[in-house]
Amino acid sequence: MTGTDGPAVGAEALDAAFTEAVRHTGASIGALYLLAPDEPLLYLDVLYGASAGLAAPWTRVSLAAPAPVADAVREDRLVWVGSQEEMAHSYPRTAMVLPYPLALAAAPVTGVRRWGSLLLMWPATRPPHMTRRERGHIVSRCRNLARLLEEAAGQGAPSGRTGRPRILGVDAGRWTTGPAMAVADFVERLPGGSCALDLEGRFVYVSSGACDLLGRDAGQLLGTLPWQSLRWLDDPTVEDRYRAAVIGREPVAFTACRPPDRYLDFHLYPDASGISVRIIPAGGRPPPAPAPHLRTGASPARAGQIYQLTHLAAALTEVVGVQDVIDLVADQIMPAFGAQGLVLSSAEGGRLRITGYRGYAPHAIERLDGLSLETGLTPAGEAIVSGSPRFFSDPEEMRRAYPEAQLISGKQAWAFLPLVVSGRPVGCCVLSYDAPRAFHAEERAVLTSLAGLVAQALDRARLYDTKHELAHSLQQALLPRTLPAVAGLRVAARYLPATRGMDIGGDFYDVIRLGDSAAAAVIGDVQGHNAAAAALMGQVRTAVHAHATSGTPPEQVLSGTNRLVTDLGPDLFTSCLYAHLDFARRRAVLATAGHPPPLLRRPDGDTRPVAVRPGPPLGIDPDADFPVTAIPLTPGLTFAFYTDGLVETPGADIDDSIARLARRLAHADDRDLDLLMDELLTQAGTAGQRADDIALLVLHLETAPGRRD
C-alpha cells in the first residue's frame, strides 16, 4: 500500500523498521507480536534471527498467559528479564522451554491503540541490567512500529496476518554457497573438517574434511538437518546444543560417536547468520575456549518436541475451566502439530457429547453430537472404549474402516486420541488435517502423551466448572433476586465475587420496604469468601430482615443480629451497615458494626463519607452497643454503600481509597444508577484479579414520599 504522497507503509516498511529495531538494540533475536482482531491473543507476525521451528511454542500467546509478551501488552509496560535465574523466578513456564542463559525484553507497541508487543533477546554476555537510555530507545522503536501499523490500517491494509510468521535474517532457500577460491582453499587446508549451518539447522556448506569425518558426500548433506541425514546424530543432545548456540549466541561443544567406535568433537560458533562448525577426531587439539559441555539426554524424541511438550504441559496445568482447555488446545496444540481441525468430545451416558471444536462446519458437528459410542460414523467412540489412539493418514485408509467419516468432515488425515484419567475414559481429542499426513512413530508417541495431559486438565476443568456453577447458584439464592420498588427512591446494586477460591463470598446487601413512608438499606461483609461465609451471610441477612420488618430501631437491629451471630459461634466476624430511611420525618438513621462509612453526595455535588459513630463487628461481643447517627434527607441525595473489597488495595491507605471513591462519585452521572455503578467499579480497577468480593448499593432520593408536615 502507498499513500498519496508518501512511501509504502505495508509489510516491507514494517519489516525494515522491525529489523532496524532489533539490530540497533544489539539483540540477537527479535519477534513482533500483534493482537488478533477478534480474540484475546497475540500471534507472531515477524521473527528475526531464529527459525520458525524454534518459535513454534509461541506462535500464538494468550493475552492472559503468564508470559513477557502478554504482560507487556496487558500491563502496558516494558518487561525486562536480565538473566536465566530471573526468568525462572518470574516466568517459570517460559524458563522450562528456554533453559539457556539469555536476557530478554518485551515492550508494548502502542499508538492510538494497542497493537501488540516487541520481543528482544540477547545472549547472556550483555549486562543484566537495562539503562534508561536503552529503555528509551526501545520505547521509541515501538512507537515507530505502531505508527507504521496505524498508517497501514488508515489506508485500508490489514493490521497483520494470522498465518505463518514472516522470517527475517534467515536465508531459508540457500542450501549451497559459493565462497571465493581463496577462502575455500583456506578452509580445506585446516585440519579436521568444517561446515556451516543456517539458523534452521541445515547444512549450507561442508568441507571435504568434514565429508570424510562424517562419512557422507556433500550432496547427501547439503540442505539436510544433521540429526536427519546422519542417524547417529539423532540424539536430543545434538539438537539441544544447536538450540543453545542459536539462542545463547555463545560457542557450544559436544562429543558424538560415529559407529562403530569413532568419536568426534563438534565445536559450534554462532552469529546472527548461522553457525560455523569445526569437527575434529576426539583426542585431537580442539579450537580455543569453547563453552562447557551441556547436559546429556537419552530420550529418542526430538529435543524440540520435548521442549514443546514441556511447554504445553506447563500451560495445561494453569487452565481453569473447560473453555480454557478448549482454547489452549486450539491456540497452541493445533498450530504445534500443524492441524487444521479439532473436536473435543466427552463420553456421557454411552454417547458422544461435543465439548468444543475448531475448523469444522456447524452442521458437521451437529451430526456428530449425541452419537452412540458404538457408531460407525466416526472412530471417536472406538478410541474412547478401547483407550487406544487411532491414526488415519489419508481418506482411503479412513474409508476402509469408516466409509462415511470422511464425507462428514471433509478432512484428509486424522488423529483420534482417547482422553483417559486413571484408567477411566473421559473423552476423545480429534486432530484433523486438510491434506494427507504420515504420522511417524515419534509424532504418535508425542500426541499420545499429550492426550494424557489434556485428559487430566479436562477432568480438573470439569470439576472446577461444576463447583463454579454450584457456587454461583448458591450465591444467587442467598442474595435478593430483585430489590423492592420504593416510591421516590431509585435503587441499584451490584455484586462481584472474588476471582480466587470458589468464586463465592460473604458480602451481601438488601433493601427492605417498611410501609409507605419508610425503607431500610443494609450492606454487610462476612469474613472470608467460601461456602461457610456464604452460609453465615444468609443467616445474617435473614436476621436483619426479620428485626427490621418488626419495627425495631437501627441500634436494636444490629444488637439482635449480633446476639444471633455470637450464639452461632462460627468463628467468623461480620461487618454491617444498617440505614433506616424515614421519608415522613425526612431523616436517615444509621448504625454500623465495623463497616466502612457510606458515601453521601448532596444535590450540589459535594460528596464525602458520612461520619457514622462506630460499633464493633458482629460476633465478637454479645453485649456490644451500636450507637446511631442521624442525617437529614433532602431530594437529590445519593447514598453509596459498599464493602471493603472496593476500597482495600495492598500497600494503599484505606482512607485515601475512600476519598478517591468519593471523588469518582462526585463526578458521576446519577441519571442512570447502573451506569454510575459501572463507572465506579471500572475506575476502581475491578476488571482484573480480585482477592475479595465486592458489594455496592446505590440509593438516590428523588422526592420525599409520605412526608408529614
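**Entry 1: strand β6**

I began with strand β6 in this predicted model and asked how many of its residues are buried. Nine of the ten are buried, so β6 is largely enclosed by the rest of the structure. I took a residue as buried when its relative accessible area is under 20%.

I then looked up the partners of β6. With β5, which covers residues 102–110, β6 pairs in the antiparallel sense over nine bridges. The connection between β5 and β6 is a hairpin of three residues. As one example of a bridge, I noted that L104 has M121 in β6 as its partner.

β1 also pairs with β6 in the antiparallel sense, here over six bridges. I found L34 standing opposite G116 of β6. I added a general reminder to the page: strands of a sheet pair through backbone hydrogen bonds, either parallel or antiparallel.

**Entry 2: the largest cavity**

I next looked up the enclosed spaces. There are five cavities of 30 Å³ or more, and the largest holds about 270 Å³ of space. Which residues lie closest to the centre of the largest cavity? They are Y33, W58, L98, L119 and M121, out of 19 residues in the lining. I had already recorded M121 as the bridge partner of L104.

Four elements each supply at least two residues of this lining: β1 (29–35), β2 (41–48), α2 (68–75) and β6 (114–123). The largest share, three residues, comes from β1. By class, I recorded 18 nonpolar residues, one polar residue and no charged residues in the lining of the largest cavity.

**Entry 3: the second largest cavity**

I turned to the second largest cavity, whose volume is about 180 Å³. Its lining has 17 residues, and V343, L368, T378, F416 and V430 lie nearest the centre. The elements giving two or more residues to this lining are β13 (341–348), β14 (351–358), α16 (405–409) and β16 (413–421).

Which element gives the most to the lining of the second largest cavity? I found that α16 does, with three residues. The lining of the second largest cavity divides into 14 nonpolar, three polar and no charged residues.

**Entry 4: an open sheet of five strands**

I then followed an open sheet whose five strands run in the order β9-β8-β12-β11-β10, with antiparallel pairing. Why do β9 and β10 each have one side without a neighbour in the sheet? β9 (203–206) and β10 (252–258) stand at the edges with a single partner strand each, so one side of each is left free of a neighbour in the sheet. From one strand to the next, the twist averages 25°.

Within this sheet I checked one pair in detail. β8, residues 193–197, and β12, residues 275–281, pair in the antiparallel sense over five bridges. S194 stands opposite R278 in β12. I also noted a general point: in a regular strand the side chains alternate between the two faces of the sheet.

Helix α10 (residues 236–248) lies across β10, β11 (262–270) and β12. I recorded an angle of about 160° between α10 and β10.

**Entry 5: the whole chain**

Finally, I looked up totals for the protein chain. I recorded 21 helices and 27 strands. Of the 709 residues, 51% are buried. Among contacts between residues at least 6 apart in sequence, 62% join residues at least 24 apart.

Note on methods
Residues numbered from 1 in each chain as written. Predicted model: local features only at pLDDT ≥ 70, side-chain atom pairs only at ≥ 80, totals over all residues. Heavy atoms only, no water. Pairing = 2+ DSSP bridges. Axes fitted to C-alpha atoms, helices over the stretch in contact; angles between N-to-C directions. Contact = heavy atoms within 4.5 Å. 1 Å grid on protein atoms, 1.4 Å probe; cavity = no way out; pocket = protein on both sides within 12 Å on 5 of 7 lines; lining within 4 Å. Points joined across faces, edges and corners; volume = space filled by probe spheres on them. Nonpolar A, V, L, I, M, F, W, Y, C, P; charged D, E, K, R; others polar. Buried < 20%, exposed > 50% of the residue type's maximum accessible area, 1.4 Å probe, protein only.
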